[in-house]
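Let's take a friendly tour of how the strands and helices fit together here. Have the 3D view open and follow along.

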Amino acid sequence: MGLDDTLAAAGELQDSDIAVYAWVLEHGAASVDAVAARTGADAGEGAAAVGRLLRLRLLQQHPGEPATVFAVAPETAAAQLAAPIEAEILQQRHKLSGIRRELLRAAPTYDSRRSAAGAVEVLENLHLVREALAQASERCCEEIIASQPGGGARVPEAMEEALVRDRAVLERGVRLRTLYHHTARFNGPSQAYVAAASALGGEYRTAHELFGRLIVFDRETAFIPVQDDSWGAVLIREPSTVAYLCEIFEQTWDRATPFTAAVGQQLETVSREIHETIVRLLAAGLKDEAIARRLGMSLRTARRHIADIMGTLGAESRFQAGVRAAVQGLVNAGRPDGPLVPS
């Protein structure tokens, strides 16, 4: 039976066939004619049921007596039907491995001859970005560092997909470090993801401000977003540029707070940092949208914080809030050195 026949047979079991299967189980081996005659509404239907059960391997012919059938366990029948499919899958995997093995022989030549222009590549759509990220992840063998702004509006499905990818990387012994905004601590899916990934060996920290989105593999290949609103990215292989981006990450990582359970004193600390940063950005004249983007929160949440701050300061305008914050010494309170590049 070919692969197509096997797949077709696996989907043809009918309710009436179960009654035929049960009768053979109860009575033991019997002739095909006897089974058909005693279980079918008529001879034709009974013979058809026996034929389907034989194709599905739930009934099998007795060795040396083709006219006699007996019933076997569904697990046994499934194993027999699946065997050719599994063999074909294995064969295709061997072919794929061979293709990759042969083509990757040219990788050292490509890497050594790559021109300076090829050190920076613009990936214009999400499909190309995902493909390049997957390839970089598969080839990565030492470390992945990432800065992921936002975190206050992540959905469970996205977190589950990320956990599957991270598990595969961490199980290979790759070190994984990720920066989030403080707002990720207040997001349930982010909390659950970090708890699960941390148990696998991932390392996570949060900061009140981040320099932007960044992923670096083995300190050799970096991805940063394009400046428009598309889902594209810029792939950077130029060593000095990648090293510079890694240094920015390390400086932010050193100042960031380990992402543990978002409770107690630590939660109060990050909440205070968010509050102080909003005061400073208000005093600098930033608009609501810019403040929300810099802190990785929704515009609605940012405006709620701003309203609370203005109420606390007794200010009726942004300008007045900035002046009063400066007078009270709140603008530079607890402010760490800023990142090397703007958000």
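**Sheets and the helices across them**

Keep in mind that this is a predicted model. Helix 9, covering residues 188–199, lies across strand 6 and strand 7, and it runs at about 145 degrees to strand 7. Below is the sheet that strands 6 and 7 sit in, followed by an open sheet of three strands.

**The sheet of eight strands**

- This open sheet has eight strands in the order 4-10-9-8-5-6-7-11, and the pairing is mixed.
- Strand 4 (120–123) and strand 11 (257–258) are the edge strands: each has a single partner strand, so one side of each has no neighbour in the sheet.
- Look at strand 6 (residues 175–181) and strand 7 (residues 203–207), which pair in the parallel sense over five bridges.
- To find your place in strand 7, look for Glu203, which has Arg177 standing opposite.

**The sheet of three strands**

- Here the order is 1-3-2, the sheet is open, and the pairing is antiparallel.
- Strand 1 (30–31) and strand 2 (59–62) take the edges, and because each has a single partner strand, one side of each is left without a neighbour in the sheet.
- Strand 2 pairs with strand 3 (residues 65–71) in the antiparallel sense, over four bridges.
- A handy pair to spot is His62 and, opposite it, Glu65 in strand 3.
- Helix 2 (residues 15–27) lies across strand 1, strand 2 and strand 3, and its direction is about 95 degrees to strand 3.

Terms used: Residues numbered from 1 in each chain as written. Predicted model: local features only at pLDDT ≥ 70, side-chain atom pairs only at ≥ 80, totals over all residues. Heavy atoms only, no water. Pairing = 2+ DSSP bridges. Helix = DSSP H or I, 4+ residues; strand = E, 2+ residues; numbered from the N terminus. Contact = heavy atoms within 4.5 Å. Axes fitted to C-alpha atoms, helices over the stretch in contact; angles between N-to-C directions.
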